Amino acid sequence: MIRYINCFRKKADISDEEFRQYWSSLEFNALVDRVVSLYGAEHYAKNLALKVQATRELIEARGIGEPYDAVLEYWWKDARHLQERYESPEARLLFEEMGKYQEQFIDISRSTAFFTEGDG
């Protein structure tokens with residue numbers, strides 16, 4: 001299984017509630033659905049970090065950094081077609097639209113993205 005994972009941090013001037021509103025909006029959901037369709041993803045997962053005491057305790061006990069605010073993953077069994085689709089005019093347009101929407105609430109400079117491979 002090939003996965004493309006986006007780990008996002010919200011902009012500093014956005015509250016947790018505002019971030020959740022952007023993240024859960026119909027507009028963002030429609031953009032994600034378009035990515036799934038265009039790239040032929042077999043599955044995706046869109047998750048928000050829980051701001052709970054257990055997370056605070058884990059951070060303190062292990063001495064680790066702050067968690068990302070949200071994670072978005074797309075999954076494929078085979079990624080041979082991704083480069084071709086990524087270079088299409090439709091993908092460029094969608095990438096621009098997604099970027100414009102995300103720049104309202106995501107701090108891209110403090111976020112990351114990467115591909116992984118592994119079992120289902």
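**Reading the spaces and the core**

Mentor: Let's start with a small space. In this predicted model, the largest cavity is lined by Lys10, Asp16, Phe19, Arg20, Leu48, Ala49, Lys51 and Asp69.

Trainee: How do I read a feature like that, and how much space lies in the largest cavity?

Mentor: The general idea is that rolling a probe the size of a water molecule over the atoms shows where empty space is left. Here, the largest cavity holds about 40 Å³ of space. The structure has one cavity of 30 Å³ or more.

Trainee: Which helix gives the largest share of the lining of the largest cavity?

Mentor: That's helix H1, residues 16-23, with three residues. Sorted by class, the lining of the largest cavity has five charged residues, three nonpolar ones and no polar ones.

Trainee: And the pockets? What volume does the largest pocket have?

Mentor: The largest pocket comes to about 650 Å³. Its lining takes in 23 residues, and Tyr4, Asn6, Tyr74, Tyr86 and Phe95 lie nearest the centre. Several elements each supply at least two lining residues, among them strand S1 (2-8), helix H2 (26-39) and strand S3 (70-76). The largest share, six residues, comes from H5. By class, the lining of the largest pocket has 16 nonpolar, six polar and one charged.

Trainee: What is the volume of the second largest pocket?

Mentor: About 220 Å³. It is lined by 15 residues, with Lys51, Arg56, Glu66, Pro67 and Asp69 the closest to its centre. Eight residues of that lining are charged, five are nonpolar and two are polar.

Trainee: Now the nonpolar core. Which residues have the most contacts inside the largest one?

Mentor: First the general idea: in soluble globular proteins, nonpolar side chains tend to be buried together. In this model, the largest nonpolar core has 23 residues, and Trp23, Phe28 and Tyr74 have the most contacts inside it. S1, H1, H2, S3 and H5 are the elements that give two or more residues to this core. H2 provides the largest share, six residues.

Trainee: Which residues does phenylalanine 28 touch?

Mentor: Leaving out residues up to four places away in sequence, Phe28 touches Tyr22, Trp23, Lys46, Leu72, Met98, Tyr101, Gln102 and Phe105.

Trainee: One last helix: why does H3 lie largely in the open?

Mentor: Count the buried residues, meaning those under 20% relative accessible area. Helix H3 covers residues 53-62, and just one of its 10 residues is buried, so H3 lies largely in the open. Right after H3 comes glycine 63, with a positive phi near 65°.

Conventions:
Residues are numbered from 1 along each chain as its sequence is written. This is a predicted model: local features need pLDDT of at least 70, side-chain atom pairs count only at pLDDT 80 or more; totals for chains, interfaces and linings use all residues. Side-chain values use heavy atoms; hydrogens and water are left out. On a 1 Å grid over the protein atoms alone, a cavity is a set of points where a 1.4 Å probe fits but cannot get out, and a pocket is an open set with protein on both sides within 12 Å along at least five of seven lines; lining residues have an atom within 4 Å of a point. Grid points are joined across faces, edges and corners, and a volume is the space filled by probe spheres set on the points. Helices (H or I, at least four residues) and strands (E, at least two) are DSSP runs, numbered from the N terminus. Ala, Val, Leu, Ile, Met, Phe, Trp, Tyr, Cys and Pro count as nonpolar, Asp, Glu, Lys and Arg as charged, and the others, Gly among them, as polar. Buried means under 20% relative accessible area, exposed over 50%, partly exposed in between (1.4 Å probe, protein chains only). A nonpolar core is a set of buried Ala, Val, Leu, Ile, Met, Phe, Trp, Tyr and Cys residues joined through side-chain atoms within 4.5 Å. Contact means heavy atoms within 4.5 Å.
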